[in-house]
Amino acid sequence: MEWNEATCYLNGEFIALARAQVSVLDRGFIFGDGVYEVIPCDHVQPGFTAPFRAREHFDRLDRSLAAVRIANPMSRDDWLRLVAGLIARHPWPRQSIYLQVTRGVAKRDHVFPAGVTPTVFAMSSPWPEVPKEQIERGTAAVTHADERWLHCDIKSTSLLGNVLMKQYAIEHDATETVLLRDGFLTEGSSTNILIVRNGTLLAPRKTNLILPGITYDAVFDIARAHGMPCEVRAIGAAELRTADEILLSSSGREVIAITRLDGKPVGSGMPGEGFRRIHAWYQQAKRDDAARWRAELQRLGGGALAISSGIPT
Ligand code: PDD
């Protein structure tokens, strides 16, 4: 099955992605007035594809929705059923689930419309393996001033600032742009950035200036569990540039070493010991977390694929 032959979920129905349509007056289209999540689902054992940290993604969705004052249109269990339903409908061993909720369709007016039903859209796409080359040799990044707004903690679909910064990376022979605000590291255009100095894992605090990454949290959890010293604090540009290692993290790319920054080697210029250990721990963490998903599926019962609002499976 090709990605564009997928089945998606739109406002209560599973339909062909190619046929899915929303109104041009949807506030997601007009204003970028919506929030989203991306949930990686790995092939943790033969015949079993499990989302990683699904509950944490839905906790963050709740926080994003609350921040933009959209009522969550679905229960937690229905969201979990939707994830299970999408995975089951696609043959890809590794899937990336994208979901978004917008404020809904209304006459164009900046003011929140009254009595509007949010638009709910979700789809699955094949999730390619992280390129071996990037795991073994790392990747290049460039730096740029962080010119985005002051609510980067909301996972908003208004991503123009991020899109421009990702494009900047590509046009400068890199795969990520590392953003600096007032001389301090914030995050990447679509990743969190962590560093390793003298064996300690360091990253900026989760303030309004960065997205609280699910992968960031997972990396800290597993590093602490394995006894790696960890610290969360402000990281200045000079400290970033002289780090032994720089790592990027995201649901799609997992953990990758940034081995060149602005054309100069980071540390030895190759992925370091910190990266190698964290990468291995992370692979194990995905397999461990799959047990939680198995338990969720059992709890949701045989009807795991049926969403309670009567959606056909
Ligand atoms: N991006 N920071 C930004 C700005 C991001 O867009 C992302 C993720 C992250 C990492 O968050 P997480 O570990 O929860 O994936 C940090 C997603 C994957 C995207 O927009 O496609």
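Reader: What makes the pair formed by an oxygen atom of the ligand and the side chain of Tyr36 a polar contact?

Author: Keep in mind that this is a predicted model. In it, 2.6 Å separates a ligand oxygen from an N or O atom in the Tyr36 side chain. A polar contact is a pair of N or O atoms within 3.5 Å, so this pair counts.

Reader: Which backbone atom does a nitrogen atom of the ligand lie 3.5 Å from?

Author: That would be a polar backbone atom of Ser190. The cut-off is within 3.5 Å, so 3.5 Å still gets in. Ile214 also joins through its backbone: one of its polar atoms is 2.8 Å from a ligand oxygen.

Reader: How much of the ligand does the protein bury?

Author: On its own the ligand exposes 470 Å², and the protein buries 87% of that. As for where it sits, the ligand takes up the space of the largest pocket.

Reader: Which elements give two or more residues to the shell around the ligand?

Author: Those are β3 (34-45), β9 (184-188), α6 (214-225) and β13 (245-250). At least three shell residues come from each of domain 1 (3-128) and domain 2 (132-288).

Reader: What is the shell around the ligand made of, by class?

Author: You get 11 polar, 4 nonpolar and 3 charged residues. Of the 18 residues around the ligand, the nearest are Tyr36, Arg60, Glu187, Thr215 and Ser251.

Definitions and conventions. Residues numbered from 1 in each chain as written. Predicted model: local features only at pLDDT ≥ 70, side-chain atom pairs only at ≥ 80, totals over all residues. Heavy atoms only, no water. Near = heavy atom within 4 Å. Polar contact = N/O pair within 3.5 Å; in protein donor to acceptor, adjacent residues only side chain to side chain. Areas by Shrake-Rupley, 256 points an atom, 1.4 Å probe, with all protein chains shown as cover. 1 Å grid on protein atoms, 1.4 Å probe; cavity = no way out; pocket = protein on both sides within 12 Å on 5 of 7 lines; lining within 4 Å. Sits in = over half its atoms within 2 Å of the grid points. Helix = DSSP H or I, 4+ residues; strand = E, 2+ residues; numbered from the N terminus. Nonpolar A, V, L, I, M, F, W, Y, C, P; charged D, E, K, R; others polar. Domains from an automatic or database assignment.
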